[in-house]
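These are my notebook entries on a structure that I opened to look up its helices, its chain contacts and its overall dimensions.

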Amino acid sequence: MDSSYVLSVIWFVLWGVLWAVYFILDGYDFGIAMWLPLIGASSEVERSAMYRVTGPFWDGNEVWLITAGGVTFAAFPLAYAVLFSSLYTPLMILLFCLILRGVASELRFQWDNRWYRFICDGAVVTGSLVAVILLGVAFSNLFRGLPLEYDEATQFFMFRGNLLNLLHPYCLLGGILFVLMFLVHGGLYLGWRTEGDLRKKAIYLTQAVWPIFFVVFLLYVVLTFAWAGLYKNYFSSPLLLALPLLCAILFVLSGFHLYWKTKVGKSLLASCGGILTLTLTGVLGMFPNLIPSRLVASGSLNVVNASSSGKTLGIMLVVAVIFVPTVIAYQIWAHKKLAVTVKVD
Amino acid sequence: MDPVILSRLQFALATAVHFLFVPLTIGLSFYTAWMETKYVRSGKEIYKKQAKFWGRIFLINFVLGVVTGIALEFQFGTNWANYSKYVGDIFGSLLAIEATVAFFLESTFIAVWAFGWDRVSKKFHCFSIWLVAFAGTISALWILLANGFMQNPVGYKVVDGVARLASFTDVLTNTYGWHMYLHTVCGAFVLSSFLIMGVCAWHFFVGRNVEFFHMAFKTASGFALIFTICSAIAGHQLGQVTAEHQKSKFAAMESVWVTEPNTPMYLLTIPNLTEDGNLVQTLPVPGALSFLATNRFDQTITGLNDIDPSERPPVWPVFASFRIMVGLGCLLLAVAILTYIIKSFVPSLGWGLWIYILLIPVPYLAAELGWMVTEIGRQPWVVFGLMKTSAAGSPPVDWYQILSTLVVMAGIYALIAITGFILMIKAAIKGPDDTAEHYA
């Protein structure tokens with residue numbers, strides 16, 4: 001094995017981890033935003049409190065997405081080019097959702113007008129919900145494989161399908177799974193960071209959603225087994241099955257803490273672990289592909305045919321080794337300093 | 001319809017709107033940091049009020065810069081797949097490093113600043129806005145080095161039909177990128193100081209908080225003077241680098257057609273609409289253009305006649321944008337010099353104060369025009385001399401997909417940019433006594 005192969009494998013793993021961290025962090029922002037119409041329907045005080053919970057963090061969380069995107073571009077340019085252009089329309093919609101969510105959640109506080117704030121809230125809720133669905137559908141499509149084929153005429157990996165192909169029932173289920181997963185995750189975070197009525201509502205509703213989430217999660221795992229070719233790696237090295245198993249255990253643990261004595265902090269921690277292991281289960285299942293083709297093996301983008309030069313990967317690894325732990329350290333510090341427990345009765 | 005044209009329109013829209021918010025982010029963060037430093041050192045409340053007032057405008061501007069920035073990173077992949085495939089090894093890594101090194105810092109510590117007034121120590125609070133300011137300029141550096149690679153590719157070798165990194169040092173020390181960086185950052189300070197002066201002028205005009213705003217005005221007039229001069233010098237240097245590395249762009253900027261030593265500068269030039277020569281070309285200053293471009297009168301400047309028509313940029317937009325940008329820059333320089341001299345009397349200028357209010361959009365326009373010179377002047381290349389823009393698009397994407405997202409994007413950007421500017425104006429007009437906390 002040459003060093004550039006080793007580097008591209010390292011970056012493959014980091015790529016998966018970056019996505020997982022993004023889901024864990026922005027997941028609670030999305031989740032809390034999706035709870036707005038239910039938990040914050042009755043009072044502006046409660047809605048403001050919910051925004052205050054995620055306010056200092058959503059932007060820093062979103063940078064993980066930008067980094068995940070940037071790393072895809074830098075480490076696997078061909079995969080970035082093929083994935084983003086093949087999924088052009090859904091990605092553009094995702095982009096618009098993220099823009100509206102970000103702008104509306106910040107600018108809503110600049111003008112104290114009922115209708116203005118109502119429109120902003122609408123943009124935040126819709127933007128978050130649609131973004132989450134799209135992320136779930138997109139990743140399920142990756143797990144299932146895209147209809148890709150190398151085309152001699154354009155010298156490009158062409159997408160042989162249409163938008164409807166992306167809406168396979170399995171992928172739609174992925175969208176629903178993401179919504180439910182982030183509802184639970186965001187509900188837990190909200191419960192962790194609030195007191196009084198708001199906390200009660202958050203926990204009560206999260207408890208109501210959790211069983212549905214868990215059923216969908218199990219169904220998704222089974223369907224991944226049945227419909228997506230994701231389990232090859234797990235059959236060839238069964239030790240890896242510890243990962244999806246750990247994922248299930250962590251989600252069960254999260255549910256256990258949610259119901260039994262309502263230890264929200266612990267439940268949230270387990271939920272973070274669950275999201276991490278779920279993402280990694282998917283990503284490692286695809287290995288060595290970043291974008292598997294479900295048409296022909298030669299249409300897949302993998303760590304060999306899509307990766308940057310060893311030199312670039314090496315330089316980026318040095319940067320990542322220095323800066324990613326630094327970022328994690330100051331983000332945790334900032335989180336401790338800026339997180340407040342909001343009390344609304 | 002040609003998908004590449006549509007993609008270019010879409011990218012132009014996205015970058016142009018993004019760049020409405022970038023310069024103020026860079027300039028105003030330093031100004032806020034400077035005021036807060038004075039507050040920490042002197043303990044005087046007025047400096048804290050300054051930091052809070054300008055910081056609030058900064059925050060509104062910042063969020064718009066953030067969200068419009070995400071679009072750009074997506075668009076390289078969605079609309080410029082062949083470009084991404086070709087330069088990802090170099091260009092992609094610069095973007096990824098920018099996010100890791102600078103953007104995390106900026107977005108984490110801006111929250112510390114906005115939410116941390118009573119949660120971190122005074123000194124650390126001040127330190128966080130310095131971190132934001134510092135991160136903003138670092139961010140700009142990585143982005144402009146990435147853009148510098150498109151203007152003047154260095155440190156690469158072409159392997160299997162794609163550009164691969166040969167020397168990271170060469171990419172990081174790209175003269176072109178650094179010159180763009182200096183000109184851009186100076187321009188950002190110019191824009192910010194004129195915005196500050198304009199807002200102050202409004203308050204002088206209505207006669208509210210005059211003392212408070214006069215303090216800001218005096219500081220801003222100093223910044224304006226220094227940075228209009230620096231920006232002009234950096235712009236001149238960038239012009240020379242352009243003349244050296246991008247002969248076609250330079251020729252289009254000046255609409256030079258004939259290659260000759262001692263190239264004169266014609267004080268009045270009007271290019272033909274057919275882009276094959278000049279309609280009017282009169283009042284020559286002998287050798288002036290050669291001297292401006294190379295510091296020597298006898299040097300030869302390549303004219304457009306000696307550049308293959310398929311490798312020429314469109315002359316009119318580049319020529320006109322350049323001229324108007326330089327004209328506006330000179331106007332700002334003149335106002336900045338004059339203002340610095342009369343800064344003590346400015347509050348009593350009466351209706352004359354409207355000059356400052358009306359000048360607020362001028363540096364915005366100059367900045368946008370500067371980018372048009374840079375990017376339209378780079379055409380027909382996406383990577384100068386290496387890859388044509390026409391070959392850079394996304395093979396799987398159809399024109400109607402691009403058209404529809406272009407329309408939606410235009411709508412959303414208009415909506416958020418207008419809302420953002422209205423809210424900034426509202427915050428600017430309100431004055432410093434509205435001390436409502438963020439998120440109230």
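**Entry 1: helix 2 of chain B**

I looked up bends first and found a kink of about 30° in helix 2 of chain B, centred on Glu73(B); the bend at a residue is the angle between axes fitted to the seven residues ending there and the seven starting there. Helices (H or I, at least four residues) and strands (E, at least two) are DSSP runs, numbered from the N terminus.

I note that this is a predicted model, in which local features need pLDDT of at least 70 and side-chain atom pairs count only at pLDDT 80 or more, while totals for chains, interfaces and linings use all residues. Residues are numbered from 1 along each chain as its sequence is written, and chains are lettered from A and ligands numbered from 1 in the order in which they are written.

For the span of helix 2 of chain B, its 35 residues at 1.5 Å a residue should cover 51 Å, and the end C-alpha atoms are 50 Å apart, which agrees; the expected span is 1.5 Å times one less than the number of residues. Of those 35 residues 29 are buried, so helix 2 of chain B is largely enclosed by the rest of the structure. A residue is buried if 20 or more other C-beta atoms lie within 10 Å of its own, exposed if 12 or fewer, and partly exposed in between, with C-beta atoms placed from the backbone.

**Entry 2: helix 1 of chain B**

I then checked helix 1 of chain B (residues 3–42), whose 40 residues reach 59 Å from first C-alpha to last, close to the 58 Å expected. This helix bends by about 30° at Phe19(B), and Pro23(B) follows within four residues. After helix 1 of chain B comes Gly43(B), with a positive phi near 75°.

**Entry 3: chain B against chain A**

I counted contacts (C-beta atoms, placed from the backbone, within 7 Å) and found 54 residues of chain B touching 61 residues of chain A. The elements giving two or more residues to this side of chain B are helix 2 (45–79), helix 3 (81–115), strand 2 (162–165) and helix 13 (399–430). Helix 3 of chain B supplies the largest share, 20 residues.

**Entry 4: chain A**

I recorded 12 helices and six strands in chain A. Its C-alpha trace spans about 65 × 45 × 40 Å along the principal axes, and buried residues make up 57% of its 345 residues. Among contacts in chain A between residues at least 6 apart in sequence, 79% join residues at least 24 apart.

Notes:
Two residues are in contact if their C-beta atoms, placed from the backbone, lie within 7 Å.
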